[in-house]
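Colleague: Please take a close look at the aromatic rings in this model and explain how they pair.

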Amino acid sequence: MTRVTFGLSYNTAHFGVDPDGIAEFARHAEECGFESLYLPEHVVLYRGAKVGAFELPPSLPYVDPLDCLSFVAAATRRILLGTAVLLLPYHHPVILAKRLATVDVLSRGRMRLLTVGLGALPGEAGAVGVDFATRGRRADEAIDVLRLLWGGGEDGVAFAGEFFAFDGLCSFPKPYGGTRLPIHVGGSSRAAARRAGRRGDGYFPGGALDARERAAQWELARSAAVEAGRDTDTLEYTRWGAIDMTEEDVERMAEQGVTRIVVSPAAAEPEARRDELSAFAERFGLRAAVSG
């Protein structure tokens, strides 16, 4: 079978915020050999908030993903930390650069699967003072600011953009090992695919796309990378999978260029979720791959 890596998504809106449960899930995921653990984000919800046709109950307990990933890092040793997605326009990049670098340093270099998106709820944007219509341009600037701050030295860096401006800023600590953090781009639009190619280290499209549009968006991400003078071979391609997927399913996705598959348990009970993870790891030999 073609080699891809496998990650897990843990959504506290569905599985709850019990700290013991989160820590146990993360430790078992690590023991099973999963590469990574992802968390989603919503800053706030409100009555009538919809993603597509689905209305989000306003009491869903979405934790802050970075705070929760810090907790996960303390409970584990190896598993990589990711977001899918962090709503980038709703974070000030100067503050975010510090938070991300801090998680990366304290986890010894595991905050490496940051995936950012724009958000789909106008009321959420309004709640944090962001113009919903300009959030794409704001996200583009934020990516540039994050990389600038991580790469800057003691003399400081300057930026002058539409949304952010500063001069002589220093942001320490740097990410673990002094390297910049990868930034993957999520989303189901062609604009997201272009953003991934122009600025991202990878593309993580949403699940609600037909096969033709999915292929077109991956090709668009690659062509946008070429136009930006970037190496398409370094662009990672992450996709959602299913906890009960087969080897044939994985082979089919690998043939489409996929390098990482992220799945989520389906069971409501913690013990049943644990069994789902164990069965998936056994089916794909994840423990053997890690121990080898």
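Modeller: What follows deals with the aromatic pairs and then with two charges over rings. The model is predicted, so local features need pLDDT of at least 70 and side-chain atom pairs count only at pLDDT 80 or more, while totals for chains, interfaces and linings use all residues. Residues are numbered from 1 along each chain as its sequence is written, and side-chain values use heavy atoms, with hydrogens and water left out.

Rings of Phe, Tyr and Trp (its six-membered ring) pair if their centres lie within 6.5 Å; planes under 30 degrees apart count as stacked, over 60 as edge-to-face and the rest as tilted. By this rule there are eleven aromatic pairs. One of them is edge-to-face, because the ring centres of Phe6 and Phe280 are 5.3 Å apart and the planes stand at 75°. Phe6 belongs to strand S1 (residues 5–9) and Phe280 to helix H10 (residues 270–284), so this pair ties together parts 274 residues apart in sequence. Helices (H or I, at least four residues) and strands (E, at least two) are DSSP runs, numbered from the N terminus. Both Phe6 and Phe280 are buried, where buried means under 20% relative accessible area, exposed over 50% and partly exposed in between (1.4 Å probe, protein chains only). Ring pairs also link Phe6, Phe34, Phe280 and Phe284 into a cluster.

The rings of Phe163 and Phe164 form a tilted pair, because their centres are 6.5 Å apart and their planes at 55°. Phe163 is partly exposed, at 25% relative accessible area, whereas Phe164 is buried, at 5%.

A charge sits over a ring if NZ of Lys or CZ of Arg is within 6 Å of the ring centre and within 35 degrees of the ring normal. Arg135 lies over the face of Phe132, 3.7 Å from the ring centre, and the charged end of Lys174 is over the ring of Phe172, 4.4 Å from its centre.
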